[in-house]
Amino acid sequence: MGLEDDAREYHREEPPGKLEISTTKPTNTQRDLSLAYSPGVAAPCRDIDTDSERAYEYTAKGNLVGVVSNGSAVLGLGDIGAQASKPVMEGKGVLFKRFADIDVFDVELDETDVDDFVRSVSAMEPTFGGINLEDIKAPECFEIEQRLREEMDVPVFHDDQHGTAIISGAALINAADIADKEIEDLEIVFSGAGASAIATARFYLSLGARRENITMCDSSGIITDARAADGDVNEFKREFARDVPEGGLADAMAGADVFVGLSVGGIVDEEMVRSMADDPIIFAMANPDPEIGYETAKAARDDTVVMATGRSDYPNQVNNVLGFPFIFRGALDARATDINEEMKRAAAEALAELTRKDVPDEVVKAYGDQPLQFGPDYVIPKPLDPRVLFEIAPAVAEAAMDSGCARREIDPEAYAERLEARLGKSREMMRVVLNKAKSDPKCVALAEGTDEKMIRAAYQLSEQEIADPVLLGDADTIRSETARLGLDYDPQIVDPGADEAAEQYADRLFEMRRRDGITRTEAGELVRRDTNYFGSVMVEQDDADALLTGLTHNYPSALRPPLQVIGATEDTDHVAGVYMLTFSNRVVFCADATVNRDPDADTLAEITRHTADLARRFNVEPRAAMLSYSNFGSVDDGSPQTSREAVERLHADDGVDFPVDGEMQADTAVVQDILRDTYEFSELNEPANVLIFPNLESGNIGYKLLQRLGGAEAIGPMLVGMDEPVHVLQRGDEVKDIVNLAGVAVVDAQ
């Protein structure tokens, strides 16, 4: 099937459409229903009647946007009417939810009269926290938006006008920088004079462009003062009429620095591109076919051409999804009364700034592993970059507060944590640890310092002030790789082959391992050749606070040097590997998943203590369960007996200040009803969040099943029980995993 048939099948598959309503509160008992509806619901109704602002406290209004259209200008389909526009409006709702966790009701009004349309939308103000106008034809859309902004006390935003303006504005900021030109000096030509083009031209003025440098063309040619005087253009086009000779698009483009296409495909040729000024900027945004093809525009010149389109299969896609979800997120959270020019400009500037930062691996993979590095082919972020939420929403909220249209003050640090939580429990939990790390950064040695991921992680750790990273490895290789990656970063490097501390470290390694078969010569070779040994001695000698390794080694070989040099804590005989698994509504810590093959009771007890300590570093109060195939003595031999003995040791330990019980089966440990109804004698009065597996095999199998089939996100493995902070990565870990474990290591060191 072709794309259109696939889309039809996608939309008609049960249940039809793309949105549904789900409940956010329990409705399982008679009491639940009496709270959700009559008679309990009367209480919040009375409170709202007394103070209308309490609607934001008691209802979903503060996270609800109305996507409103009359279907008069739908995509490239034109005036297809309100009913036919509904799939597009539902799609808009999907994007709001997917990218910014904003709920949407789509409202299709069969109404073309401006007065009636405005009256209908304005009457819905009690329902919505904001209004997103969509696919309304010009020039009516200008009047509709302006009147609604004046009449309504919630943000009103016409995305067709301002979305393209903001996203292309961000691209313009960066493109001008790449071309070494000032925005105020740019000669800018527009092809198209509809709502989007006029709004974009207005927005470029707020970025610093000059009105006398903007030439706008419609289907009849350049919009001139003469045409305006003849009544040939409407009042909105007249705003950009110029006192220049009449002519066509080719005449306008000669000598121009910037071309902005918001018209129809195929109307620009190579000769027109060649007529432009040096290092031209071309935003050909007609969809699905741009005014000129990407390859054609690039091939027309020998100098730098910054080219953007509206298509996802070429670099620099100007996609409105980079804007409206995050702009509304910030506006809703600040409870803004408007989305003003300051907020739009803040969004564009934040997008431009984000483009200059290192791109996460998950984004690179999502776009086919193509290089994503600030330059002519990367002047705006990708829509799937999760960082857009954390950059744009706070910038918009802050601009709302600074400009006086916010009704709510937002604490930036707490706001960042709330935004993280919207993207998943794992991000929320890691934010707790990373904030702790930032309060007192420590020196973290990265053993595989020549690896690209380690260098990028070091850059992020330094830039975000999470840690003071030290890259271990050949200095020339690291600096060369840093330059290749385009990072504005001067890393701290320790080269084992050239560092004067190597001799001292070799002496120390020999002293520690001489009765384990290592000669002084071998110790020197190990320290200079193997950064795992160098880094381990570096941490043991307090020249670094923590060590990360394992990215290019198998787990046992990466773990061996720190175990030999640093070892376990004084009161511990064993270390263990712990994974934190995050679900939508809970967090569990699983141990041991990487180290101890067949632990005895003492080892299980040690693992439990250390895992409970780790949970507290994430602000989680531990409740530990010793897992088995037996429930509290139902099987009286083998591994259940070992787990039972471990529990006895923990209960006898006065230093254990958290609930722990077992042995118990996995469902007993995590299901409240089983604990309460069948095993009411258990020490656990709530489901366990620290799960101790009886052996390495079950631990490894268990956490991977939970991750893959249970939809959990896994963070780890985190080593517990080491005398100094050491964490061993898994082969194939991404930069974010390195950053996360480095954050954990810093908190360990604190």
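Me: Buried means under 20% relative accessible area and exposed over 50%, with partly exposed in between, for a 1.4 Å probe and protein chains only. What does Ala250 count as on this scale?

Reply: Ala250 counts as partly exposed, because its relative accessibility is 42%. This residue is found in helix α13, residues 249-253; helices are DSSP runs of H or I with at least four residues, strands are runs of E with at least two, and both are numbered from the N terminus. The C-alpha atom of Ala250 is separated by 9.5 Å from that of Ile267, 17 residues apart along the chain.

Me: On what basis should such values be read?

Reply: This is a predicted model, in which local features need pLDDT of at least 70 and side-chain atom pairs count only at pLDDT 80 or more, while totals for chains, interfaces and linings use all residues. Residues are numbered from 1 along each chain as its sequence is written, and side-chain values use heavy atoms, leaving out hydrogens and water.

Me: What is the secondary structure of the protein, and what does its C-alpha trace span?

Reply: The protein has 33 helices and 21 strands. Its C-alpha trace spans about 95 × 75 × 55 Å along the principal axes. Of the 750 residues, 53% are buried. The exposed area is about 32,700 Å², with carbon and sulfur atoms supplying 45% of it; accessible areas follow the Shrake-Rupley method with a 1.4 Å probe. Taking a contact as heavy atoms within 4.5 Å, 70% of the contacts between residues at least 6 apart in sequence join residues at least 24 apart.

Me: How many positive and negative side chains does the protein have?

Reply: There are 72 positive and 143 negative side chains, and the centres of the two sets lie 1 Å apart. Lys and Arg count as positive and Asp and Glu as negative, without His or the chain ends.

Me: How does one read a sheet, and what is the order of the open sheet of four strands?

Reply: Strands of a sheet pair through backbone hydrogen bonds, either parallel or antiparallel. Here two strands are taken to pair if DSSP finds at least two bridges between them. The order of the open four-stranded sheet is β2-β1-β3-β4, and its pairing is parallel. Strands β2 (103-108) and β4 (156-158) stand at the edges with a single partner strand each, so one side of each is left without a neighbour in the sheet. Direction ignored, neighbouring strands in this sheet are turned by 20° against each other on average. Six bridges pair β1 (residues 64-69) with β2 in the parallel sense, and Val65 stands opposite Val104 in β2.

Me: Which helix lies across β3 and β4?

Reply: Helix α9 (residues 159-178) lies across β3 (130-133) and β4, and runs at about 75° to β4; such angles run from 0 to 180 degrees between N-to-C directions of lines fitted to C-alpha atoms, for helices over the stretch in contact. Helix α16 (residues 324-333) also packs on the sheet, where it touches β1, β3 and β4 and makes about 160° with the direction of β3.

Me: What is the pairing in the open sheet of six strands?

Reply: The pairing is mixed, and the order is β7-β6-β5-β8-β9-β10. At the edges stand β7 (221-222) and β10, each with a single partner strand, so one side of each has no neighbour in the sheet. Strand β6 (residues 214-218) pairs with β7 in the antiparallel sense over two bridges, with Cys217 opposite Ile222 in β7. Helix α9 packs on this sheet, touching β8 (258-261), β9 (281-284) and β10, and its direction makes about 160° with that of β9.

Me: Which residues have a positive phi although they are not glycine, and which peptide bonds are cis?

Reply: Most residues other than glycine have a negative phi, and most peptide bonds are trans. Asp180 has a positive phi of about 60° and is found in the loop between α9 and β5 (188-191). Its relative accessibility of 70% counts as exposed. Asn316 likewise has a positive phi of about 60°, in the loop between β10 (306-309) and α16, but at 2% relative accessibility Asn316 counts as buried.

A cis peptide bond joins Gly662 and Glu663, with omega about 0°; Glu663 is found in strand β18 (residues 660-664). The bond from Gly716 to Pro717 is also cis, with omega near 5°, and Pro717 has its place in strand β20 (residues 713-720).

Me: Is β20 mostly covered or exposed?

Reply: β20 is mostly covered, with six of its eight residues buried. Strand β15 (residues 576-582) runs antiparallel to β20, joined by six bridges, and Met580 stands opposite Ile715 in β20.

How values were computed. The place of a charge is taken as NZ of Lys, CZ of Arg, CG of Asp or CD of Glu.
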